[in-house]
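Biologist: Could you take a close look at one part of this model for me, starting from a single pairing and following the contacts outward from there?

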Amino acid sequence: MTRAQANAHRLKVTEPLELRFLPDDGLHFEEAVEEAWIEAQLAEDRQHSGLLYERSGPTTVTLDIDPLGSVITRPPVALRGHLRSPLRTHCVRCQDELDATVDTPIESTLFPAKDGPAPDATPEHALDESSYVGDVIDLPGVVREALLLGLSMHPTCADEPACDARTAALLAEVNAPAEALAPTGPDPRWEALRHLVVTPDNEE
Ligand SMILES: [Zn+2]
């Protein structure tokens, strides 16, 4: 069994896959994902989480898509692969920049929905197995989920003692008299400090 090469058929993981383009022997994707698509997902996540994640390199996805039966019968479809997305963000405690690269397997089996949208096809349900509706497989949804599940809701430094020291220094500066902090003008870090002060839930 040899899977067809998706890029030879101009198929992308960021576009829904119609079953008629899925051969019985499967499809193999190996793709550098468009920057704009990744940035759109990160921007949408930021609206929910308030956390700023930025790209720091090209995102790559490899994905094998195997129908578990003849495609014309609308069989379950197995997806297996890997996503790697170099990202950076800032520590919610000390504000230092952090590597937040997402490097995660993709593994999922999609079952055909009977008619119309399946009642259980909610995003919460879509972790390991879910459904596809009609004759379209939501590949962008699968890749988006792998990416977003890899983002920490509470990114902090791996080096805890160093992070503690930086956080203590920040707090000491916030509590210092204003003239000692900024004798010749506002310290550029003041915005970050103020953010830290007005959103105490950022600390735990
Ligand atoms: Zn930190």
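**From a strand pair to a helix and the core**

Modeller: Let's start with His 90, whose bridge partner in E8 is Glu 97. Bear in mind that this is a predicted model. The two strands here are E7 (residues 87-90) and E8, paired in the antiparallel sense over three bridges. They belong to an open sheet of three strands, ordered E4-E7-E8, again with antiparallel pairing. E4 and E8 (97-99) stand at the edges with a single partner strand each, so one side of each has no neighbour in the sheet.

E4 is also our way out of that sheet. E4 (54-55) is one of the elements that the buried residues of H1 pack against, and the others are E6 and H2. So which residues of H1 are buried? They are Ile 38, Gln 41 and Leu 42. These three cover an arc of only 95 degrees around the axis, which puts them on the same side of H1. That fits the usual helix geometry: at 3.6 residues a turn, residues three or four places apart point the same way. Go round to the face turned away from the buried side and you find the exposed residues Ala 36, Ala 43, Glu 44 and Gln 47. As for the length of H1, its 15 residues should span 21 Å at 1.5 Å a residue, and the end C-alpha atoms are indeed 21 Å apart. Just after the helix comes Gly 50, with a positive phi of about 75 degrees.

Now for the core. The largest nonpolar core has 25 residues, and Val 13, Val 61 and Val 143 touch the most other members. H1 (35-49) gives two or more residues to this core, as do strands E3 (27-32), E5 (60-67) and E6 (77-85) and helix H2 (139-149). The largest share, five residues, comes from H2. For a look at one of the well-connected members, take Val 143: apart from its neighbours within four places in sequence, Val 143 is in contact with Val 13, Thr 14, Val 61 and Leu 83. As a general rule, nonpolar side chains in soluble globular proteins tend to be buried together.

For contrast, have a look at H3 (residues 160-175). This helix is hardly covered, with one buried residue among its 16. Its length works out, though: at 1.5 Å a residue, H3 should span 22 Å, and its end C-alpha atoms are 22 Å apart.

Terms used: Residues are numbered from 1 along each chain as its sequence is written. This is a predicted model: local features need pLDDT of at least 70, side-chain atom pairs count only at pLDDT 80 or more; totals for chains, interfaces and linings use all residues. A nonpolar core is a set of buried Ala, Val, Leu, Ile, Met, Phe, Trp, Tyr and Cys residues joined through C-beta atoms within 7 Å. A residue is buried if 20 or more other C-beta atoms lie within 10 Å of its own, exposed if 12 or fewer, and partly exposed in between; C-beta atoms are placed from the backbone. Helices (H or I, at least four residues) and strands (E, at least two) are DSSP runs, numbered from the N terminus. Two residues are in contact if their C-beta atoms, placed from the backbone, lie within 7 Å. The expected span of a helix is 1.5 Å times one less than its number of residues. The arc is that of the directions from the helix axis to the C-beta atoms. Two strands pair if DSSP finds at least two bridges between them.
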